[in-house]
Amino acid sequence: MFECRRNCGLCCTFPWDIKVTDEEADKIAEFLKVSKESFCGLSKNREGLLCINKKENKECFFIENKDGVFSCKIYEVRPGECSKYTCEKDIKWLKRYAEFKE
Ligand code: SF4
Ligand code: SF4
(Lines give C-alpha, C1' and ligand atoms only; values in the text may rest on other atoms or scores of the structure.)
(Ligands and ions follow the chains in the order given, each with its own letter.)
Protein backbone atom coordinates (compact mmCIF):
# COMPACT_ATOMS: atom_id res chain seq x y z
CA MET A 1 0.00 0.00 0.00
CA PHE A 2 1.23 3.49 -0.87
CA GLU A 3 2.56 5.56 2.00
CA CYS A 4 3.52 9.21 1.53
CA ARG A 5 6.85 10.25 3.03
CA ARG A 6 5.32 13.33 4.52
CA ASN A 7 8.44 15.54 4.55
CA CYS A 8 9.62 14.65 1.08
CA GLY A 9 7.79 17.50 -0.65
CA LEU A 10 8.72 16.47 -4.20
CA CYS A 11 5.17 16.74 -5.50
CA CYS A 12 4.60 20.01 -3.60
CA THR A 13 7.53 21.67 -5.34
CA PHE A 14 6.45 20.69 -8.85
CA PRO A 15 4.73 23.54 -10.74
CA TRP A 16 1.40 21.87 -11.50
CA ASP A 17 -1.99 23.31 -10.59
CA ILE A 18 -3.44 22.12 -7.28
CA LYS A 19 -7.17 22.59 -7.53
CA VAL A 20 -9.26 23.43 -4.46
CA THR A 21 -13.02 23.22 -4.03
CA ASP A 22 -14.96 26.06 -2.35
CA GLU A 23 -15.52 23.81 0.66
CA GLU A 24 -11.79 23.08 0.93
CA ALA A 25 -11.02 26.80 0.60
CA ASP A 26 -13.39 27.48 3.53
CA LYS A 27 -11.60 24.87 5.63
CA ILE A 28 -8.17 26.28 4.80
CA ALA A 29 -9.28 29.84 5.66
CA GLU A 30 -10.77 28.59 8.94
CA PHE A 31 -7.62 26.63 9.76
CA LEU A 32 -5.45 29.69 9.11
CA LYS A 33 -7.90 31.88 11.04
CA VAL A 34 -8.26 34.35 8.19
CA SER A 35 -11.30 35.45 6.28
CA LYS A 36 -11.68 34.07 2.79
CA GLU A 37 -11.59 37.66 1.46
CA SER A 38 -8.17 38.37 2.98
CA PHE A 39 -6.81 34.99 2.06
CA CYS A 40 -4.02 35.25 -0.50
CA GLY A 41 -3.13 31.58 -0.94
CA LEU A 42 -5.64 30.88 -3.71
CA SER A 43 -6.49 32.22 -7.13
CA LYS A 44 -8.18 31.06 -10.32
CA ASN A 45 -6.19 29.37 -13.07
CA ARG A 46 -6.59 29.88 -16.84
CA GLU A 47 -9.67 27.63 -16.86
CA GLY A 48 -11.24 29.62 -14.03
CA LEU A 49 -10.69 26.88 -11.46
CA LEU A 50 -9.67 27.77 -7.92
CA CYS A 51 -6.06 26.71 -7.26
CA ILE A 52 -3.36 27.16 -4.65
CA ASN A 53 -1.01 29.99 -5.55
CA LYS A 54 2.60 29.36 -6.40
CA LYS A 55 5.66 31.03 -4.96
CA GLU A 56 8.05 32.81 -7.32
CA ASN A 57 10.01 29.57 -7.72
CA LYS A 58 6.72 27.80 -8.66
CA GLU A 59 6.54 25.73 -5.47
CA CYS A 60 3.24 25.47 -3.63
CA PHE A 61 2.43 28.58 -1.59
CA PHE A 62 2.02 26.41 1.52
CA ILE A 63 5.25 24.41 1.43
CA GLU A 64 7.96 25.19 3.96
CA ASN A 65 11.53 24.05 3.58
CA LYS A 66 13.74 23.90 6.64
CA ASP A 67 17.18 22.61 5.64
CA GLY A 68 15.72 20.24 3.06
CA VAL A 69 12.90 19.01 5.29
CA PHE A 70 9.61 19.97 3.69
CA SER A 71 6.37 20.48 5.54
CA CYS A 72 2.91 21.63 4.52
CA LYS A 73 1.54 24.60 6.48
CA ILE A 74 -2.02 23.36 5.98
CA TYR A 75 -1.38 19.61 6.19
CA GLU A 76 -4.46 18.91 8.33
CA VAL A 77 -6.74 20.60 5.79
CA ARG A 78 -4.78 20.10 2.56
CA PRO A 79 -7.04 19.63 -0.44
CA GLY A 80 -8.09 16.24 -1.77
CA GLU A 81 -5.77 16.67 -4.75
CA CYS A 82 -2.90 16.43 -2.27
CA SER A 83 -4.26 13.92 0.25
CA LYS A 84 -5.39 11.48 -2.44
CA TYR A 85 -2.33 11.82 -4.64
CA THR A 86 0.02 8.87 -4.92
CA CYS A 87 3.34 9.49 -6.64
CA GLU A 88 4.32 5.94 -7.56
CA LYS A 89 3.89 6.54 -11.29
CA ASP A 90 5.50 9.97 -11.23
CA ILE A 91 8.31 9.61 -8.72
CA LYS A 92 11.09 9.11 -11.28
CA TRP A 93 10.42 12.32 -13.18
CA LEU A 94 9.57 14.26 -10.00
CA LYS A 95 13.07 13.38 -8.76
CA ARG A 96 14.55 14.32 -12.12
CA TYR A 97 12.77 17.68 -12.01
CA ALA A 98 14.06 18.35 -8.47
CA GLU A 99 17.63 17.56 -9.55
CA PHE A 100 17.27 19.73 -12.63
CA LYS A 101 16.15 22.70 -10.46
CA GLU A 102 19.23 22.54 -8.21
S1 SF4 B 1 3.18 11.93 -2.47
FE2 SF4 B 1 5.19 11.15 -3.02
S3 SF4 B 1 6.31 12.90 -3.91
FE4 SF4 B 1 4.53 13.70 -2.75
S5 SF4 B 1 5.32 14.15 -0.69
FE6 SF4 B 1 4.46 12.07 -0.65
S7 SF4 B 1 6.20 10.72 -1.06
FE8 SF4 B 1 6.79 12.80 -1.72
S1 SF4 C 1 -1.13 22.16 0.00
FE2 SF4 C 1 0.41 21.14 1.22
S3 SF4 C 1 0.36 19.02 0.55
FE4 SF4 C 1 -0.64 20.24 -1.02
S5 SF4 C 1 0.97 20.77 -2.51
FE6 SF4 C 1 0.82 22.43 -1.02
S7 SF4 C 1 2.37 21.96 0.50
FE8 SF4 C 1 1.95 20.09 -0.64
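**Chatting through a predicted model with two ligands**

Trainee: Which residues sit around ligand 2?

Mentor: Around ligand 2 you find Cys12, Ile18, Ile52, Cys60, Phe62, Ile63, Cys72, Ile74, Arg78 and Cys82. Keep in mind that this is a predicted model.

Trainee: How does that shell divide into nonpolar, polar and charged?

Mentor: The shell of ligand 2 has nine nonpolar residues, no polar ones and one charged.

Trainee: OK, and which residues are around ligand 1?

Mentor: Those are Cys4, Arg5, Cys8, Gly9, Leu10, Cys11, Tyr85, Cys87 and Leu94. That shell splits into seven nonpolar, one polar and one charged.

Trainee: Let's step back to the fold. How many helices and strands are there?

Mentor: The chain has three helices and four strands. Reading from the N terminus, the order is α-β-β-β-β-α-α.

Trainee: What radius of gyration does the chain have, and what would a compact globule have?

Mentor: The chain comes out at 14 Å, and a compact globule with 102 residues would be near 13 Å, so the two agree. Along the principal axes, the C-alpha trace spans about 40 × 30 × 25 Å.

Trainee: What percentage of the residues count as buried?

Mentor: Of the 102 residues, 13% count as buried.

Trainee: And what share of the contacts comes from residues far along the chain, say 24 or more positions apart?

Mentor: Such pairs make up 58% of the contacts with a separation of 6 or more.

Trainee: Which residues make up the largest nonpolar core?

Mentor: There are eight: Cys11, Cys12, Ile18, Val20, Cys51, Ile52, Cys60 and Phe62. Some names come back from the ligand shells: Cys12, Ile18, Ile52, Cys60 and Phe62 are among the residues around ligand 2, and Cys11 is one of those around ligand 1.

Trainee: Pick one core residue for me. What does valine 20 touch?

Mentor: Setting aside residues up to four places away in sequence, valine 20 touches Ala25, Leu42, Leu50, Cys51, Ile52 and Pro79. Cys51 and Ile52 also belong to that core.

Trainee: Now glycine 9, from the ligand 1 shell. Is it buried or exposed?

Mentor: Glycine 9 counts as buried, because it has 21 C-beta neighbours inside 10 Å and the cut-off for buried is 20 or more. Glycine 9 lies in the segment before helix 1.

Trainee: Which residues is glycine 9 in contact with, leaving aside its sequence neighbours?

Mentor: Beyond four places in sequence, glycine 9 contacts Ile63 and Phe70. Glycine 9 and glycine 68 are also 59 residues apart in sequence, with their C-alpha atoms 9.2 Å apart.

Trainee: Where does phenylalanine 14 lie?

Mentor: Phenylalanine 14 is in the segment before helix 1 too. With 18 other C-beta atoms within 10 Å, phenylalanine 14 is partly exposed. Apart from neighbours within four places in sequence, phenylalanine 14 is in contact with Leu94 and Tyr97. Leu94 is one of the residues around ligand 1.

Trainee: How about tryptophan 16, buried or exposed?

Mentor: Tryptophan 16 is exposed, because 12 other C-beta atoms lie within 10 Å and exposed means 12 or fewer. Tryptophan 16 sits in the segment before helix 1 (22-32). From tryptophan 16 to lysine 89 the C-alpha distance is 16 Å, with their places 73 residues apart in sequence.

Trainee: Changing topic: how do strand 3 and strand 4 run?

Mentor: Strand 3 and strand 4 run antiparallel and are joined by four bridges. One pair is glutamate 64 with serine 71, and another is asparagine 65 with phenylalanine 70.

Trainee: What lies between those two strands?

Mentor: They form a hairpin with two residues between them, and aspartate 67 in the turn has a positive phi of about 50°. Aspartate 67 has 4 C-beta neighbours inside 10 Å and so counts as exposed.

Trainee: Why flag a positive phi?

Mentor: Because most residues other than glycine have a negative phi.

Trainee: What is phi for lysine 33?

Mentor: Lysine 33 has a positive phi as well, near 55°. Lysine 33 is in the loop between helix 1 and strand 1 (42-44), and is exposed, with 6 other C-beta atoms within 10 Å.

Definitions and conventions
Residues are numbered from 1 along each chain as its sequence is written. Chains are lettered from A and ligands numbered from 1 in the order in which they are written. This is a predicted model: local features need pLDDT of at least 70, side-chain atom pairs count only at pLDDT 80 or more; totals for chains, interfaces and linings use all residues. A residue is near a molecule or strand if its C-beta atom, placed from the backbone, lies within 6 Å of it. Ala, Val, Leu, Ile, Met, Phe, Trp, Tyr, Cys and Pro count as nonpolar, Asp, Glu, Lys and Arg as charged, and the others, Gly among them, as polar. The radius of gyration is taken over C-alpha atoms; the globule rule is 2.2 Å times the number of residues to the power 0.38. Two residues are in contact if their C-beta atoms, placed from the backbone, lie within 7 Å. A nonpolar core is a set of buried Ala, Val, Leu, Ile, Met, Phe, Trp, Tyr and Cys residues joined through C-beta atoms within 7 Å. Two strands pair if DSSP finds at least two bridges between them.
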